[in-house]
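Visitor: I am new to this structure and should be grateful for a close look at a single part. Please begin with one pairing between strands and then lead me outward from there.

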Amino acid sequence: MSRHRPHADASAPATSAPATSPAPSRRTVVKAAAAGAALAAPLASALPARAATAAPAFLHGVASGDPLPDGVLLWTRVTPAPEATPGSGVGPDTPVEWVIATDRALTGVVARGTVTARAASDHTVKADVRGLRPGTDYFFRFTAGSVHSPVARTRTAPSADASVAGLRFGVVSCANYEAGYFSPYRHLAARGDLDAWLHLGDYIYEYASGGYAYGGVVRTYQPEHEVLTLADYRMRHARYKTDQDLQALHATAPCVAIWDDHEIANDTWSGGAENHTEGAEGTWTARQAAAKQAYFEWMPVRPAIAGTTYRRLRFGRLADLSLLDLRSFRSQQVSSAGGAVDDPDRTLTGRAQMDWLKSGLSASDTTWRLVGNSVMIAPFSVAQLPAFVREPLGELLGLPDLAISVDQWDGYTDDRKELISHLRSHSIRNTVFLTGDVHMAFATDVPVNATTYPLTASAATEFVVTSVTSDNLDDYVGVAEGTITAVAEPVIKTMNRHIKFVDTDQHGYGVFSLTPERAQMDYYRISDRADPAASSHWVRSYRTLSGTQKTERTYDPV
């Protein structure tokens with residue numbers, strides 16, 4: 001399998017020391033006849049109307065990401081002139097100053113510098129600031145000419161050897177812009193207690209307008225056609241970052257993100273995707289390169305290896321976080337390629353990433369080993385569900401035989417066996433997988449062998465968060481929220497005895513809290529994804545006590 005290296009960012013990161021219509025199926029692809037049409041109108045509409053009268057301007061917010069004990073990555077996009085719309089490739093190179101301080105008024109400045117926003121990098125900039133104090137809140141701002149960006153908060157990670165009493169992360173996944181408003185981001189931003197927030201994939205979606213909207217189009221993508229080119233992917237990222245709730249969350253805490261498939265195309269694998277037609281939509285190599293380049297331009301992500309999102313962060317002696325890339329190296333899903341899910345010649349992670357993951361888990365000296373995981377690792381069988389639930393679930397997960405999801409670790413069981421065997425043989429405890437993708441919420445053990453009864457020992461635990469807005473089962477079926485869960489939950493838990501909690505219908509987010517004694521996920525639901533003022537309420541909480549490798553219910557959120 002190939003590893004693609006995207007084009008180098010024309011504006012290298014700066015470093016500074018301290019200074020003084022509903023679709024019939026997920027699988028249905030709405031191809032855009034207008035893909036090659038003139039870009040002027042959609043490019044202009046990718047920005048708020050004020051872009052035409054204010055330049056330079058910071059129309060896409062500011063963000064930070066990938067916190068280290070001594071540093072953090074700062075990000076913004078400047079619009080230097082009205083014509084410099086995202087994806088246009090035009091506009092002057094523009095110096096952008098950044099400053100970071102210990103207070104929101106920016107009087108206690110600790111570092112400052114200048115980067116250049118260039119058309120070659122879509123006028124996005126990153127500043128990889130070092131020399132900061134560990135475990136500390138900072139505030140930062142960008143300036144272009146006489147125009148200032150909003151001031152945002154970020155936070156460094158604790159020092160590597162620090163004894164940390166607790167950590168708290170927001171956890172989100174699967175945000176379809178057209179399906180609703182990003183209220184989960186607003187509610188997470190309002191908490192004010194996050195050390196960071198994790199986005200576990202599908203930050204954007206690649207479909208044409210209406211191509212993935214069972215519940216209807218609440219607000220429209222730009223561009224409206226399926227995204228294929230570098231300009232398209234840049235415009236789609238830009239559209240997302242005009243969302244005020246997303247901007248608010250990025251301005252509140254550092255983001256730690258990995259990609260899943262929709263940042264490129266549905267059911268991506270190393271050599272293609274279900275939602276890609278070779279030739280008619282260009283080459284897969286070119287499309288993947290464009291998607292990855294736009295991602296690294298528009299996201300506050302520091303790639304440890306060029307062209308991938310797998311990397312590791314540490315938060316004192318309490319936890320390390322291994323972040324996976326489960327799209328760049330995987331073999332094609334068996335539903336399309338033939339073969340068996342347990343074929344040892346097929347891989348989800350790729351050899352190098354698997355070895356890196358195993359080595360990191362073995363070497364870890366932290367209390368908890370967290371794995372940011374874009375697709376579910378715990379087994380999940382649905383064969384005995386009623387047909388009216390099983391069939392739309394098959395559409396949602398892409399189940400070829402309505403028994404297992406071949407896009408998850410279930411479709412690559414040899415990799416899963418290797419990883420679980422490594423956890424067991426090396427007595428690696430307190431491994432917790434944090435997962436998105438399936439538009440459902442789960443709390444589950446990761447059993448050594450899910451087919452035996454009584455269940456064999458659990459090697460790890462997994463907390464899966466539901467979608468921010470992307471369709472759930474109730475949206476597919478067109479019934480009231482909670483209807484499907486009431487039928488499906490008891491059957492799913494009977495068939496999958498390691499699964500302790502499942503909600504098939506909610507939209508929302510998770511709040512994941514760690515102490516030396518326990519890892520706990522609090523699940524929150526929003527009232528209505530189509531309501532920009534949607535409320536949020538706590539649903540359930542599950543935890544893993546240190547040393548148990550088991551998930552249990554707890555009756556209060558942290």
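Guide: In strand β19, Glu462 is the bridge partner of Phe433. The model in view is a predicted one. The pairing belongs to a set of 4 bridges that join β17 to β19, strand β19 covering residues 458-464, and the two strands run parallel. On another pairing, β17 is joined to β16 by 5 bridges, and these strands also run parallel. There, Leu370 stands opposite Val432 of β17.

The setting of β17 itself deserves attention. Strand β17 spans residues 431-435, and 5 of its 5 residues are buried, so the strand is largely enclosed by the rest of the structure. Its side chains point two ways: Thr431, Phe433 and Thr435 to one side, Val432 and Leu434 to the other, and all are buried.

From β16, which covers residues 368-373, one may step back to the loop between α7 (351-363) and that strand, where Asp365 is found. Asp365 forms a salt bridge with Arg314, the closest N and O atoms being 2.8 Å apart. Arg314 belongs to strand β14 (residues 311-315), and the pair links parts of the chain that are 51 residues apart. Arg314 is partly exposed, with a relative accessible area of 25%. Asp365 likewise counts as partly exposed, at 40% relative accessibility.

Other charged pairs are found where both partners are buried. Asp410 forms a salt bridge with Arg416, with 2.8 Å between the closest N and O atoms, and both Asp410 and Arg416 are buried. Asp261 forms a salt bridge with Arg327, the closest N and O atoms being 3.9 Å apart. Asp261 lies in the loop between β11 and β12 (268-269), whereas Arg327 lies in the loop between β15 (319-323) and α6 (334-337), so the pair ties together parts that are 66 residues apart in sequence. Both Asp261 and Arg327 are buried. Shared partners join Asp260, Asp261, Arg327, Arg330 and Asp407 into one network of salt bridges. In total, the structure holds 33 salt bridges, while it holds 0 disulfides.

The element β11, which precedes the loop of Asp261, leads to the nonpolar interior. The largest nonpolar core has 42 residues, and those with the most contacts inside it are Phe182, Tyr185, Trp197, Tyr233 and Tyr240. Among the elements that give two or more residues to this core are α3 (230-240), β11 (255-257), α5 (284-298) and β21 (508-514). Helix α5 gives the most, with 6 residues. Leaving out residues up to four places away in sequence, Tyr233 touches Ile204, Val227, Leu228, Glu263, Ile264, Arg287, Ala290, Ala291 and Ala294. A second, separate core of 33 residues includes Ala162, Val256, Leu514 and Tyr542.

Leu514 also meets a residue at the surface. Ala165 is found in the loop between β8 (152-155) and β9 (167-172), and it counts as exposed because its relative accessibility is 64%. Ala165 and Leu514 are 349 residues apart in sequence, and their C-alpha atoms are 8.3 Å apart in space. Apart from its neighbours within four places in sequence, Ala165 is in contact with Leu514, Thr515 and Pro516.

Conventions: Residues numbered from 1 in each chain as written. Predicted model: local features only at pLDDT ≥ 70, side-chain atom pairs only at ≥ 80, totals over all residues. Heavy atoms only, no water. Disulfide = S-S within 2.5 Å. Core = buried A, V, L, I, M, F, W, Y, C linked by side-chain atoms within 4.5 Å. Buried < 20%, exposed > 50% of the residue type's maximum accessible area, 1.4 Å probe, protein only. Contact = heavy atoms within 4.5 Å. Salt bridge = Lys/Arg side-chain N within 4 Å of Asp/Glu carboxyl O. Pairing = 2+ DSSP bridges.
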